[in-house]
Amino acid sequence: MIPGKGKDPQGQGKRLLLGAAVTLCGIVWMLYNFNVISNIFFDRFFSWQTLLMALGGYFLLLRRWITGGALLATGLAFALTDWFGSGIPVGRVILPAILIAAGLSLMVKRR
């Protein structure tokens, strides 16, 4: 077998990114357990909104622009309204606007 052949450099990069994310989660969790970080930060870091944003960022790295952008925007919209108590009605304004933008981008996307 020839050295260096058959290796997937993108697969190795994805594993590295996933490993870094899991390690970061473990570090934050340990800091929380030792009362180094506050409950507010921990609750914001380990929330479903943050998970949506992380998935969106991951899809953007994979160059899946529509999926990544929609997930990132949705997670960010929910997170901002949750964190800052914004008066913007997410369900009535932001989510339909995201769907409209995704639909328009699908229609104008060239293959």
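**Exercise 1. Burial of F78 and its aromatic partner**

Decide whether F78, with a relative accessibility of 22%, counts as buried, partly exposed or exposed in this predicted model.

*Solution.*
Step 1. Buried requires a value under 20% and exposed a value over 50%, with partly exposed in between.
Step 2. F78 has 22% relative accessibility and therefore counts as partly exposed.
Step 3. W48, at 49%, is also placed in the partly exposed class.

Now find the aromatic pairs, state how many there are and describe the geometry of each.

*Solution.*
Step 1. Ring centres must lie within 6.5 Å for a pair; planes under 30 degrees apart are stacked, those over 60 are edge-to-face, and the rest are tilted.
Step 2. This rule yields two aromatic pairs.
Step 3. One joins W48 and F78, with 5.1 Å between centres and 55° between planes, which makes the pair tilted.
Step 4. W48 belongs to helix α3 (residues 48–61) and F78 to helix α4 (residues 65–84), so the pair links parts that are 30 residues apart in sequence.
Step 5. The other joins Y58 and F59: the centres are 6.2 Å apart and the planes are at 65°, an edge-to-face arrangement.
Step 6. For Y58 the relative accessibility is 32%, so this residue counts as partly exposed.

**Exercise 2. The overall fold**

Describe the secondary structure of the protein chain, its order from the N terminus, and its burial.

*Solution.*
Step 1. The chain has five helices and zero strands.
Step 2. Read from the N terminus, the elements follow the order α-α-α-α-α.
Step 3. Of the 111 residues in the chain, 18% are buried.
Step 4. About 8700 Å² of the chain is exposed, and carbon and sulfur atoms account for 68% of that area.
Step 5. Taking contacts between residues at least 6 apart in sequence, 32% connect residues at least 24 apart.

**Exercise 3. Two residues of helix α4**

For A79 and T74, give the burial class and the contacts beyond four places in sequence.

*Solution.*
Step 1. A79 lies in helix α4.
Step 2. Its relative accessible area is 0%, so A79 is buried.
Step 3. Beyond four places in sequence, A79 touches Q49 and M53.
Step 4. The C-alpha atoms of A79 and Q49 are 5.5 Å apart, although 30 residues separate the two in sequence.
Step 5. T74 is also placed in helix α4.
Step 6. With a relative accessible area of 17%, T74 is under the 20% limit and is therefore buried.
Step 7. Once neighbours within four places are set aside, the contacts of T74 are L52, L95 and I98.

**Exercise 4. The end of helix α1 and two positive phi angles**

Place L31 in the secondary structure, classify its exposure and list its contacts beyond four places in sequence.

*Solution.*
Step 1. Helix α1 covers residues 9–33 and includes L31.
Step 2. L31 has a relative accessible area of 33%, so it is partly exposed.
Step 3. The contacts of L31 beyond four places in sequence are V36 and I37.
Step 4. L31 and F42 are 11 residues apart along the chain, and 9.2 Å lies between their C-alpha atoms.

Next, give the location and exposure of N35 and R63, whose phi values are positive.

*Solution.*
Step 1. N35 has phi near 55°, positive in a residue other than glycine.
Step 2. N35 sits in the loop between α1 and α2 (39–45).
Step 3. At 69% relative accessibility, above the 50% limit, N35 is therefore exposed.
Step 4. R63, likewise not a glycine, has phi near 65°.
Step 5. The loop between α3 and α4 holds R63.
Step 6. R63 has 64% relative accessibility and so counts as exposed.

**Exercise 5. The largest pocket**

Give the volume of the largest pocket, then describe its lining by position, helix and residue class.

*Solution.*
Step 1. The volume is about 550 Å³.
Step 2. The lining of this pocket comprises 18 residues, of which A21, C25, L51, A54 and L55 are the closest to its centre.
Step 3. Helices α1 and α3 each contribute at least two lining residues.
Step 4. The greatest contribution comes from α3, with eight residues.
Step 5. By class, the lining consists of 14 nonpolar residues, three polar and one charged.

Definitions and conventions:
Residues numbered from 1 in each chain as written. Predicted model: local features only at pLDDT ≥ 70, side-chain atom pairs only at ≥ 80, totals over all residues. Heavy atoms only, no water. Phe/Tyr/Trp six-rings, centres within 6.5 Å; stacked < 30°, edge-to-face > 60°. Buried < 20%, exposed > 50% of the residue type's maximum accessible area, 1.4 Å probe, protein only. Contact = heavy atoms within 4.5 Å. 1 Å grid on protein atoms, 1.4 Å probe; cavity = no way out; pocket = protein on both sides within 12 Å on 5 of 7 lines; lining within 4 Å. Points joined across faces, edges and corners; volume = space filled by probe spheres on them. Nonpolar A, V, L, I, M, F, W, Y, C, P; charged D, E, K, R; others polar. Areas by Shrake-Rupley, 256 points an atom, 1.4 Å probe, with all protein chains shown as cover.
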